[in-house]
Amino acid sequence: MRQLNLDQLRTLVSIADLGTFSAAAQALHLAQPTVSLHISELESRLGARLVVRGSRRVTPTAAGAALVERARRLLRDADDAVDAVRRQAEGRVGRVRLGTSTGVVIELLPRVLEALERDHAGIDVEVNILGSTEAMSRLAMGTLDIGLVAVPQPPTRALVVTRWRSQPMMAFLPKKWVAPKRVTPRWLAEKPLIINDATTHMYRLTMEWFAAVGEAPRPRIELNFDAAMLALVAAGYGAAVLPVHQPVGADFNERLQVLPLSPKLTRHLGIAHRPRPSLDGATESVLQVLERFGQR
């Protein structure tokens with residue numbers, strides 16, 4: 001037997017509710033012959049009489065009443081399914097996988113997520129702490145939807161990367177160090193350094209800053225977690241070059257000094273994602289909120 005047709009079931013329910021074929025046809029915006037065809041096809045398919053045509057009203061048979069009861073549930077479930085898909089497509093609900101570095105999480109992402117909760121409460125953002133290289137790889141594999149990455153990135157046909165924000169880099173030094181007002185590569189190269197590991201964009205950016213004046217310092221430790229790096233700086237273990245963000249806790253701040261670099265150094269961040277026509281509504285909604293926090 002062929003599967004039941006939802007349009008035909010909706011016609012049967014309308015007839016049961018309204019009492020006539022003509023009233024059902026008017027409510028469903030169908031021609032009356034179409035309504036008659038729906039019922040005859042249902043009866044033929046099920047091998048049972050579903051309605052009795054009276055002089056003034058059409059009433060369901062026992063078999064028809066049983067089918068009407070179940071049809072109401074089927075139609076309600078179908079309407080719910082359509083609504084769920086529509087809300088997903090329109091970006092009102094959904095799950096979006098976002099990759100970002102710890103620096104962005106500390107400084108900006110809480111404000112982004114607050115705005116998303118206010119404007120798109122039905123969207124769940126899964127935050128993954130990732131370096132830029134891994135974020136780009138996972139975007140290409142389809143296991144990530146949006147990446148906040150350092151730019152520039154090598155061009156790829158499958159992904160779009162647009163400039164988002166710029167962060168000035170600063171020297172984070174132990175409070176007890178005697179330091180110049182502006183920290184130079186030559187001065188800093190002689191100090192113990194805490195730097196991101198060699199696979200990261202931050203490492204390359206920092207080392208290029210040193211190399212521009214002929215310095216190639218060897219880090220005391222390589223670490224990819226900003227809060228841990230700053231904790232080591234506060235403990236006097238070494239110096240770090242990081243984007244500006246606010247360390248947590250008054251005591252933490254009292255054990256650090258943050259000084260500008262000379263020459264200046266800036267980290268640029270971008271938003272990476274698949275081409276927009278292929279995005280679902282939830283991902284598009286998250287992108288729009290992120291873009292509001294971008295720098296003009």
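**Exercise 1. Confidence**

In which helix of the protein is confidence lowest, and in which helix is it highest? Decide from this how the model should be read.

*Solution.* The model is a predicted one, and the first step is therefore to look at its confidence as pLDDT, the predictor's confidence in each residue, from 0 to 100. The protein averages a pLDDT of 89, and 95% of the residues score at least 70. Confidence is lowest in helix α11 (residues 250–254), with a mean of 64, and highest in helix α8 (residues 185–189), with 97. Where pLDDT is low, the predicted coordinates should not be read in detail.

**Exercise 2. Helix α12**

Determine whether the length of helix α12 (residues 281–292) agrees with expectation, and find out how far the helix is enclosed or open.

*Solution.* Begin with the length: at 1.5 Å a residue, the twelve residues of helix α12 should span 16 Å, and since the end C-alpha atoms are 17 Å apart, the two values agree. Next, consider burial, for which the cut-off is under 20% relative accessible area. The buried residues of α12 are G281, A282, T283, E284, S285, V286, L287, V289 and L290. Because nine of the twelve residues of α12 are buried, the helix is largely enclosed by the rest of the structure. Finally, inspect the N-terminal end of α12, which is capped by D280, with a side-chain oxygen of this residue 3.2 Å from the backbone nitrogen of A282.

**Exercise 3. Salt bridges at the end of α12**

Which residues form salt bridges with R292 and with E291, and which parts of the chain do these pairs link?

*Solution.* Take R292 to begin with: its side chain meets that of D119 in a salt bridge, at 2.9 Å from N to O. This pair links distant parts of the chain, with D119 in helix α6 (residues 109–119) and R292 in helix α12, 173 residues apart. D119 is partly exposed, with a relative accessible area of 35%, and R292 is also partly exposed, with 45%.

Turn then to E291, which forms a salt bridge with R276, the closest N and O atoms being 2.9 Å apart. Here R276 lies in the loop between β11 (266–273) and α12, while E291 lies in helix α12, and the two are 15 residues apart. R276 is partly exposed at a relative accessible area of 32%, and E291 is partly exposed at 28%.

**Exercise 4. A salt bridge between strands**

Starting from R95, identify its salt-bridge partner and the network to which R95 belongs.

*Solution.* The structure holds twelve salt bridges, and one of them joins R95 and E126, whose closest N and O atoms are 3.1 Å apart. The pair links distant parts of the chain, since R95 is in strand β3 (residues 94–100) and E126 is in strand β4 (residues 123–129), 31 residues apart. R95 is partly exposed, with a relative accessible area of 46%, and E126 is partly exposed, with 24%. Widening the view, R95, D124 and E126 are linked in a network of salt bridges.

**Exercise 5. Buried, partly exposed or exposed**

Assign Q167, L46 and H29 to their classes of accessibility, and describe the setting of each residue.

*Solution.* Q167 is placed in strand β6 (residues 160–174), and at 6% relative accessibility it counts as buried. The side chain of Q167 makes a polar contact of 2.7 Å with the side chain of R267.

L46 lies in helix α3 (residues 32–46) and counts as partly exposed, with a relative accessibility of 33%. Together with L4, L6 and L74, L46 makes a nonpolar surface patch of about 290 Å².

H29 lies in the loop between α2 (21–28) and α3, and its relative accessibility of 73% makes it count as exposed. Its backbone deserves a look as well, for H29 has a positive phi of about 60° although it is not a glycine.

**Exercise 6. Cis peptide bonds**

Where do P152 and P263 lie, and which residues precede them across cis peptide bonds?

*Solution.* P152 is placed in the loop between β5 (146–151) and β6, and a cis peptide bond with omega of about 10° joins V151 to it. P263 lies in the loop between β10 (256–260) and β11, where the peptide bond from S262 to P263 is cis, with omega near 5°.

Key
Residues are numbered from 1 along each chain as its sequence is written. This is a predicted model: local features need pLDDT of at least 70, side-chain atom pairs count only at pLDDT 80 or more; totals for chains, interfaces and linings use all residues. Side-chain values use heavy atoms; hydrogens and water are left out. Patches are made of residues with over 30% relative accessible area and no salt bridge: like charges are joined within 9 Å, nonpolar side chains (Val, Leu, Ile, Met, Phe, Trp, Tyr) within 5 Å. Accessible areas come from the Shrake-Rupley method with a 1.4 Å probe; for residues, only the protein chains shown count as cover. A salt bridge is a side-chain nitrogen of Lys or Arg within 4 Å of a carboxyl oxygen of Asp or Glu. Helices (H or I, at least four residues) and strands (E, at least two) are DSSP runs, numbered from the N terminus. Buried means under 20% relative accessible area, exposed over 50%, partly exposed in between (1.4 Å probe, protein chains only). The expected span of a helix is 1.5 Å times one less than its number of residues. A polar contact is a pair of N or O atoms within 3.5 Å; within protein, one must be able to donate a hydrogen and the other to accept it, and residues adjacent in sequence count only if both atoms are side-chain atoms.
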